[in-house]
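Got the structure open in your viewer? Keep the selection panel handy and follow along, one stop at a time.

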Amino acid sequence: MSDTKIKQLLAELTLEEKAMLCTGKDFWNLHGIERLNLPSIMVTDGPHGLRKQAGEGDHVGLNAAVKATCFPTASGLAASWNTKLIEEMGVALGKECRAEDVSVLLGPGTNIKRNPLGGRNFEYFSEDPLLAGDMSTAWIKGVQSQSVGTSLKHFAVNNHEHCRMTVDAVVDQRTLREIYLPAFERAVTQTQPWTVMCSYNKVNGTYAAEHKQLLDDILVKEWGFEGIIVTDWGANNDRVEGVKNGQHLEMPSSGEMNTKKIITAVENGQLTIEALDKSVARVLELILKSQASLEANTVQADLQAHHELAASIAEETCVLLKNDGLLPVPVGKKIAVIGALANNTRYQGAGSSKINPFKLEQPLDEIKKQFGADNVSYTAGYHLNDAEDSTEIANAVELAKQADAVFLFAGLTPKYESEGFDRQHLNLPQVQLDLIAALGEQLSKTVVVLQNGAPVLLPFVDKTAAILEAYLGGQAGASAVAKVLSGDVNPSGKLAETFPASLDDVPSQPYFPGTTKQVQYREAIWVGYRYFDTTNTETLFPFGHGLSYTNFTYYHLKLLSGDKTQFNESDSIKLKITITNTGDRAGAEVVQCYVGQKSPSQPRPAKELKAFEKIFLEPGESKEVMFKLDYRAFAYWHKEKAAWIAERGDYQIHIGSSVNDIRDTATIALETGIVAEQPNFALATYFDPAKRDFNDAAFSALLGYDIPTPTPITPYTVNSTLGDIANEPLGKPLFDDMLFVFTQMMGGDQNDSAAEADRLMAESMVADMPLRNLPVFNSQQYSEGQILQLIASLNNKETAN
Ligand code: BGC
């Protein structure tokens, strides 16, 4: 966009218009300025389909969302490890946006899965920043190739749902740089998303929406981000502080409340017009870019073609966790399909990402198509609302006995997994576990097909013949599953997250999700496989794991740069390896490249994913895979130097089929000129993560300061939540009132579990809502003045007591 045009517009805009442009017009639209021919543009959810509400917008309701293609959610997408496919999905999403005049699609969800209990893990890619970053990059490239913007979210350190709107994430700088920021960094530096969405939470004491270090220093200055920083819906805390520190756009509309504050701040010199202009210039640029798309020829979206694309993506998101040889099942066998989810599939997550699919496949129908209706019988086996029913179980056992093979559909219903609240445990619903236990001997001919957005415990793992993780496969996920079961499709998904053997093994568990006011990231860099692999902790299934119906052999790992190298920041190491499909079916392998330093002076994971490639091979075919590792692949973040450092010394490069299945390793001595430092004894416990002794002293040494005291519940402030005041006589009516509003907003749904999830989400959204947001989400009823008065009254009462 030409600078001259922006300058011209800035010169013509009044202060009022400038302030207005930096706040939404309503829930989904930005302000336009008619006299300057600036249109009002629409931004909407995202990320695994278009959720455009045709009528009045609301927060999470599905009401009146236009029909769209529902693709698999992020956990499945990441399990495909196929960036090309994700980019194609992005193209399709971009087209659907263009067809509906949507200018920005709110995604991708890039946060790291710190703990499998995170309620929104289904919407995030991985526990690994490189994989999450590359998936996000591909998604953004695809959408933006259609001249539609994206919103990389939620920046940053938003790794659980509990009290997400106000909780303070306390995390040390090294962990921030190595675990929680790099996925965003990769996506920003490789694609320039049109927008980045800052998260609700605080990071080290400051709200993300006004966090100078995150927004201005890192995102804009270090990474060179040129787009708009938009608040998550209701994430703005102090509007003027936000503008000063790099937040460009507040969403949704806060009416005139915050616009007025900006105007006053400029008038009284608290905010410079230059600072405001910086935000306005970026908003103008977004509007002009969007205007070009809106005025260009209308793009037609071929929904049927997108359905087919969704099916082929789903084929690659299925992860074959276990197979003792039962799979694939030849057509002609007598199949018993068991499980209510086979006929009422769970295919997407609950919350703001809920798509209104234009069509939806059911596994039972697709299995009948695949295996012949005559060969397939079905019984529900359990109820989706968790009601116990021994007759259902008895029927299922009878049906199983008569079959050659059983396809048992299990998984999480929406109430177990949703935006807005975290999971309580990793178990499947008890009614499903009861059914599986009752199947007893029949399990030896049973394939358990899982529909869930995040890891579950599988106490029956040794008893069942096979387990297929289908994730939340989108509207066309069912045909993909049917084809994998029959062998028409050879599974090629690999886990992008560890399935732990027990929740207690997860290093963040003792501090997850923290208290209502603070969450301490005490486990630091020991997240996911970085912990399990380094400490040799047994998992249910490791990161990167996934079986195929064929076999791949790895040959001749060769370092192309020799084994001892002068190595500077601009250098890279190249290596190659040959992979052969030694089985008798075509298939795809995800070749994973991990790096570990041999004797690090700092706590470092034994292996970290630094590159990967998915290759397709015919039977007998071989391909050479080349990897190029740059300086960053060997470096850690040095807190004091505030820089990436690769110490001189030996490094191992492992090539494998999962983090636990390393097929070849090369050692390289790097002469980087940086001599290893003396280990810091205050951090001793972090060198030995197996002890899980992330005590106060060690955590504080890691932070470099005393562990902050959480914000007290009282005195109440604008950031107190409705949950905080719910037990106060003055607070209760507000809580109830907002609960009513949100419950209405959520609308009904087709089955009981979804309705229960909606209720739970409404409850948690209301409980977690800071008082400052009441005038934003219910402006008709509450003004800022009223809220301030209420807070004063609540506090007076406190003092009186
Ligand atoms: C979610 C965002 C979403 C936004 C708009 C927020 O509550 O965290 O991911 O894009 O609402 O629906």
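Here is a short walk through some salt bridges, a buried threonine, a covered helix and a domain interface.

Before you click anything, keep in mind that this is a predicted model. Colour it by domain to get your bearings: domain 1 covers 3–295, domain 2 covers 304–497, domain 3 covers 550–677 and domain 4 covers 722–800.

**Stop 1: residues 17 and 35**

A search of the whole structure turns up 45 salt bridges, and here is one of them. Select arginine 35 and glutamate 17: their closest N and O atoms sit 2.6 Å apart. Arginine 35 is in the loop between helix H2 (15–21) and strand E1 (43–45), while glutamate 17 is in helix H2 itself, so the pair ties together parts that are 18 residues apart in sequence. Turn on a surface and compare the two partners. Arginine 35 is exposed, at 51% relative accessible area, whereas glutamate 17 counts as buried at 14%.

**Stop 2: threonine 23**

Stay in the loop between H2 and E1 and pick threonine 23. Buried or exposed? Threonine 23 is buried, with a relative accessible area of 0%. Now show what surrounds it: beyond its neighbours within four places in sequence, threonine 23 is in contact with residues including His31, Arg239, Leu249 and Thr259. Glu250 is on that contact list too, and a polar contact of 3.4 Å joins its side chain to that of threonine 23.

**Stop 3: arginine 530 and two acidic partners**

Next, select arginine 530, which counts as buried at 3% relative accessibility. Add aspartate 128, whose salt bridge with arginine 530 has its closest N and O atoms 3.0 Å apart. Aspartate 128 lies in the loop between strand E3 (104–106) and helix H5 (129–144), and arginine 530 in helix H17 (residues 529–534), so this pair ties together parts that are 402 residues apart in sequence. Aspartate 128 is buried, with a relative accessible area of 0%.

Then add glutamate 608, which also forms a salt bridge with arginine 530, with closest N and O atoms 3.0 Å apart. Glutamate 608 belongs to strand E24 (residues 608–617), so here the parts tied together are 78 residues apart in sequence. At 6% relative accessibility, glutamate 608 counts as buried.

For a quick detour, select Arg120, Glu123, Glu161, Arg164 and Glu419, which are linked in a network of salt bridges.

**Stop 4: helix H16**

Select residues 477–486. This is helix H16, and nine of its ten residues are buried; among them are Gly477, Val481, Val484 and Leu485. What do the buried residues pack against? Show helix H12 (303–317), helix H13 (363–371), strand E14 (405–411), strand E15 (446–451) and strand E16 (466–469) to see. Just after H16, glycine 487 takes a positive phi of about 90°.

**Stop 5: where domain 2 meets domain 3**

Zoom out to domains 2 and 3, whose C-alpha centres lie 35 Å apart. Six residues of domain 2 are in contact with eleven of domain 3, and the two domains bury about 640 Å² between them, 37% of it on carbon and sulfur atoms. Highlight Asn490, Ser492 and Lys494: they supply 71% of the area that domain 2 buries against domain 3, more than any other three residues.

Two salt bridges cross this interface. Finish by selecting glutamate 316 and lysine 614, a salt bridge with its closest N and O atoms 2.6 Å apart.

Methods
Residues numbered from 1 in each chain as written. Predicted model: local features only at pLDDT ≥ 70, side-chain atom pairs only at ≥ 80, totals over all residues. Heavy atoms only, no water. Salt bridge = Lys/Arg side-chain N within 4 Å of Asp/Glu carboxyl O. Helix = DSSP H or I, 4+ residues; strand = E, 2+ residues; numbered from the N terminus. Buried < 20%, exposed > 50% of the residue type's maximum accessible area, 1.4 Å probe, protein only. Polar contact = N/O pair within 3.5 Å; in protein donor to acceptor, adjacent residues only side chain to side chain. Contact = heavy atoms within 4.5 Å. Domains from an automatic or database assignment. Buried area = accessible area lost by both parts, 1.4 Å probe.
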